Amino acid sequence: MKRSLPGALLGATALLTVGCAPTLTQTARTNGAGRLQVALEPGITAIGFDDRQSILPSVDVSARYGVTDGLDVGFRFGPGSGELQTKAMLTDPTVREGLAVAVAPSVSLLFADALGMGPFSGRLTLPLLVDVPVGSHRLVGGARLTQFIVPGEAGGANDGWQLSAGVSGGFALALGSLVQVLPEVGLDMPVLGNATALPGPSAPQVSFRLGLLFGGSPQRTGGAR
């Protein structure tokens, strides 16, 4: 199913504004029960489509709330799109020293007809987050699998789907106890699927984001929260 490059890039831009870029823009640590973290996440992504490369900007906003010490729920929004997020720590959330590991499943919907394939598309993501303290800061890494689905016509089969794998890395710089600046780079590679039917990337993506995170768990080392 062919599309013009401008239409494809329009759809890809909409997708990237809700976190389809291969960066995760969060650490492995949860907020703690009753704590809220909000973030502004500007960035750029180099995306390949039809043997061409384009640089696309994106700006997301997100918020995550600590349901328990080890479980956060939240959302991320970009223009015309939204993502529901969760994060569960696999290591002890009350221990500040050493390695922190978490899984952060999410589901996204893009409410736009820019893709030319119906009123919405969907994305399921399963990231693994890992970080280690460096003084009062954190060295952050992640890997993820992403399943992207574009429904076909009403009552028909799916028009397109794609499974991709990605990695990312960054450094969460603590500015006081409740503010972090998180520059991060990421790489995402399609591995399976009907990529020719998708309006999004059919080649590797490289992304940079600058996360500005406010609130959440106090950033300090040397003891429990």
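Asp-131 forms a salt bridge with Arg-138, the closest N and O atoms of the two being 2.6 Å apart, and both Asp-131 and Arg-138 are buried. This pair belongs to a predicted model, in which 7 salt bridges are found. As a general background to these pairs, side chains of opposite charge can pair when their charged atoms come close.

Further salt bridges involve Arg-76, whose side chain meets that of Glu-41 at 2.8 Å, N to O. Because Arg-76 lies in strand 3 and Glu-41 in strand 1, this pair ties together parts that are 35 residues apart in sequence. The side chain of Arg-76 also meets that of Glu-83 in a salt bridge, with an N to O distance of 2.9 Å. The three residues have low computed accessibilities relative to the cut-off for burial, which is under 20% relative accessible area: Arg-76 is buried at 4%, Glu-41 counts as buried at 0%, and Glu-83 is buried at 3%. Through salt bridges that share partners, Glu-41, Asp-60, Arg-76, Glu-83, Arg-123 and Arg-209 are joined into one network.

With regard to the overall architecture, the protein has 1 helix and 11 strands, and the order of elements from the N terminus on is α-β-β-β-β-β-β-β-β-β-β-β. Buried residues make up 48% of the 225 residues in the protein. Of the contacts with a separation of 6 or more, 63% are accounted for by residues 24 or more positions apart. The protein exposes about 9,600 Å², and carbon and sulfur atoms supply 71% of that area.

The pairing of strands is illustrated by strand 4 (residues 81–89) and strand 6, which pair in the antiparallel sense over 5 bridges; Gly-82 has Leu-109 of strand 6 as its bridge partner. In a regular strand the side chains alternate between the two faces of the sheet. Strand 6 (residues 106–111) shows such an alternation, in that Ser-106, Ser-108 and Leu-110 point to one face and are buried, whereas Val-107, Leu-109 and Phe-111 point to the other face and are not buried.

Nonpolar residues were examined both in the interior and at the surface. In soluble globular proteins, nonpolar side chains tend to be buried together. The largest nonpolar core consists of 7 residues, namely Leu-24, Ala-28, Met-89, Ala-100, Ala-102, Ala-104 and Leu-129. A second, separate core of 5 residues includes Val-140, Ala-172, Leu-182 and Leu-213. Within the largest core, Met-89 is in contact with Ala-28, Arg-29, Thr-30, Gly-70, Ala-100, Val-101 and Ala-102 once its neighbours within four places in sequence are left aside.

At the surface, a nonpolar patch of about 680 Å² is made by Leu-40, Val-59, Val-61, Phe-75, Phe-77, Leu-84, Val-107 and Leu-124. Strand 2 (52–68) and strand 3 (71–78) are the elements that give two or more residues to this patch. Among the patch residues, Phe-77 is found in strand 3 and is partly exposed, with a relative accessible area of 45%. Val-107, which is likewise listed in the patch, is one of the residues of strand 6 that point to the face whose side chains are not buried.

Individual positions in strands 1 and 2 were also considered. Gln-37 is found in strand 1 and, at 6% relative accessibility, counts as buried. When residues up to four places away in sequence are not counted, Gln-37 touches Asn-31, Ser-62, Ala-63, Arg-64, Gln-180, Leu-213, Phe-214, Gly-215 and Gly-216; among these partners, Leu-213 is included in the second nonpolar core. Leu-56 is found in strand 2 and is buried, with a relative accessible area of 9%. The C-alpha atoms of Leu-56 and Gly-43, which are 13 residues apart along the chain, are separated by 8.5 Å.

A final point concerns backbone geometry. Most residues other than glycine have a negative phi, and most peptide bonds are trans. Thr-25, by contrast, has a phi near 55 degrees, a positive value in a residue other than glycine. The place of Thr-25 is in the loop between helix 1 (5–20) and strand 1 (36–49), and Thr-25 is buried, with a relative accessible area of 0%.

Technical notes
Residues numbered from 1 in each chain as written. Predicted model: local features only at pLDDT ≥ 70, side-chain atom pairs only at ≥ 80, totals over all residues. Heavy atoms only, no water. Patch = residues over 30% accessible without salt bridge, like charges linked within 9 Å, V, L, I, M, F, W, Y side chains within 5 Å. Areas by Shrake-Rupley, 256 points an atom, 1.4 Å probe, with all protein chains shown as cover. Salt bridge = Lys/Arg side-chain N within 4 Å of Asp/Glu carboxyl O. Helix = DSSP H or I, 4+ residues; strand = E, 2+ residues; numbered from the N terminus. Buried < 20%, exposed > 50% of the residue type's maximum accessible area, 1.4 Å probe, protein only. Core = buried A, V, L, I, M, F, W, Y, C linked by side-chain atoms within 4.5 Å. Contact = heavy atoms within 4.5 Å. Pairing = 2+ DSSP bridges.
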